[in-house]
Protein chains: 2
Amino acid sequence: MNIGDVSSRSGLPAKTIRYYEDIGLIKPHRSANGYRCFAETDLHKLAFLGRARALGFTIEDCRTLMALYEDESRASADVKQLAQEHLAKIEEKIADLQAMHDTLGELVNCCAGDSRPDCPILKDLSGEG
Amino acid sequence: MNIGDVSSRSGLPAKTIRYYEDIGLIKPHRSANGYRCFAETDLHKLAFLGRARALGFTIEDCRTLMALYEDESRASADVKQLAQEHLAKIEEKIADLQAMHDTLGELVNCCAGDSRPDCPILKDLSGEG
DNA sequence: ATGAGGGTTCCAGTCAGGGGAAGGTCAAGG
DNA sequence: CCTTGACCTTCCCCTGACTGGAACCCTCAT
C-alpha cells in the first residue's frame, strides 16, 4: 500500500503518517521508487495510534501503549496505571475548564449586551470587581 | 518600576511581560539605561491581561478585549458576544474531554489491573472491541 | 510531450510562552 | 577601586502534534 491508501483506510492524514514514521512510531518499508510501502501490520498500528490519540493520550503515551500491546508478557496493571494517570489529567482539565466556564458564564449573564458601554465583564477583568 | 517589580505585583513572569511587549499588548517606556520602565497603567493592563488569560481567552481575544476596554464608546454587546463565543468553545472542549473521560473510564473499570496480560484497554485500542 | 495525480524531502509556522547563554547595569561591601 | 550578586537586556532554540507549502520525482493516460 502507498501512503494515500493507508491514509484513507486509517483516517489519518498522510502528513501525520509521515510524522509518525519520523518519530519512530512506525517503520514502513520502501519500494524501489522510494515510496513508502505499508503492510497490514502498519495499518493496524496506525489505527491503534489513531484511537489512542482520539482518547487524548500523548504521543509518548502512545509509544508506551504500543510497546505494551506488542509485549505478550505485559501486566495489565501497567496499562491500567497509564490510563488512570491520563484519566486524572483529563479530570483536571475538565475541572479547570469548568471553573472558567462558571466564572465567565456568570459574567456573561450579568452583561446587558446592548449598545451601552457599561459591562460587568470588562469591569471584572479590570479588577474593579 | 522595573520589570521585576511589575512581575511580582502582577503575578506574571518577566518572560511573559517581555513577550506581551513583543507582540504589542503593552508599550512600556525605557529608562536611560535601556531598562523597561513601567507606569501604573502598564501594571493595570498586565493585571487585566492576566485575568483574561486565566479565563482562557486567547491572546488575540485579549487584544480585542483591551481595545474594547479602552474604547469609552464601546457597546457591551461586542464584549458579550466575544465572551459568549469563548464560552461556546469552552463548552465544546469540556464535551470532548467528557467523552474521552467516559470512554476511558469505562475501559479502566473493565481492566483487572493485575499481572496478567489480558487488557480490555489494549483490546479496544487495537480495534478488537 | 504534457498534464494530472500520486509520491518524496525539507523548511517554516502554529500557541503562548520557557530555558538558558552572553553581556550590560547598579548598589553594597571589602 | 574592585568585586560580588542581583537585576536587566537581547538573542536564539525548545515545547506538542502536527499543518502548509515549495520544489522536485514517478507513473500513467491522453
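**Exercise 1.** In this predicted model, determine how the surface near DNA strand D divides by residue class, and which residues and elements form it.

*Solution.*
Step 1. Sort the residues by class: the surface near DNA strand D has seven nonpolar, six polar and six charged residues.
Step 2. Pick out the closest of the 19 residues that surround DNA strand D: A:Lys15, A:Tyr20, A:Arg53, B:Gly4 and B:Arg36. On the DNA side, 69% of the atoms of DNA strand D within 4 Å of the protein belong to sugar and phosphate.
Step 3. List the polar contacts, including one to a base: a polar side-chain atom of A:Lys15 is 2.3 Å from a base oxygen of DNA strand D. Phosphate oxygens of DNA strand D lie 3.0 Å from a polar side-chain atom of A:Thr16 and 2.6 Å from a backbone N or O atom of B:Gly4.
Step 4. Assign the surface to elements. Two or more residues each come from H2 of chain A and from helix H1 (3–10) and H2 of chain B. H2(A) gives the most, with four residues.

**Exercise 2.** Carry out the assignment for DNA strand C, and find which element gives the most to the surface near it.

*Solution.*
Step 1. Take the residues around DNA strand C, 19 in number; A:Gly4, A:Arg36, B:Lys15, B:Tyr20 and B:Tyr35 come nearest. By class, this surface near DNA strand C has seven nonpolar, six polar and six charged residues.
Step 2. Split the DNA atoms within 4 Å of the protein: 71% are from sugar or phosphate of DNA strand C, and the rest are from bases.
Step 3. Locate side-chain contacts to phosphate oxygens of DNA strand C. An N or O atom of the A:Arg18 side chain is at 3.2 Å, a polar side-chain atom of B:Thr16 is at 3.2 Å, and a side-chain N or O atom of B:Asn33 is at 3.4 Å.
Step 4. Name the elements that give two or more residues: helix H1 (3–10) and helix H2 (14–22) of chain A, and helix H2 (14–22) of chain B. The element that gives the most is H2(B), with four residues.

**Exercise 3.** Find what rotation and shift superpose chain A on chain B, and state how the two copies are related.

*Solution.*
Step 1. Recall the general form: a rotation about an axis and a shift along it relate two copies of a chain.
Step 2. Insert the values: chain A superposes on chain B by a rotation of 180° with 0.0 Å of shift along the axis, at an RMSD of 0.1 Å. The two copies are therefore related as by a two-fold rotation axis.
Step 3. Place the axis in chain A: the C-alpha of A:Ile94 comes closest to the rotation axis among the residues of that chain, at 3.0 Å.
Step 4. Compare the contact residues: 100% of those of chain A recur in chain B, and the same surface serves both copies.

Definitions and conventions:
Residues numbered from 1 in each chain as written. Chains lettered and ligands numbered in written order. Predicted model: local features only at pLDDT ≥ 70, side-chain atom pairs only at ≥ 80, totals over all residues. Heavy atoms only, no water. Near = heavy atom within 4 Å. Polar contact = N/O pair within 3.5 Å; in protein donor to acceptor, adjacent residues only side chain to side chain. Nonpolar A, V, L, I, M, F, W, Y, C, P; charged D, E, K, R; others polar. Least-squares fit on C-alpha atoms with pLDDT ≥ 70 in both. Contact = heavy atoms within 4.5 Å.
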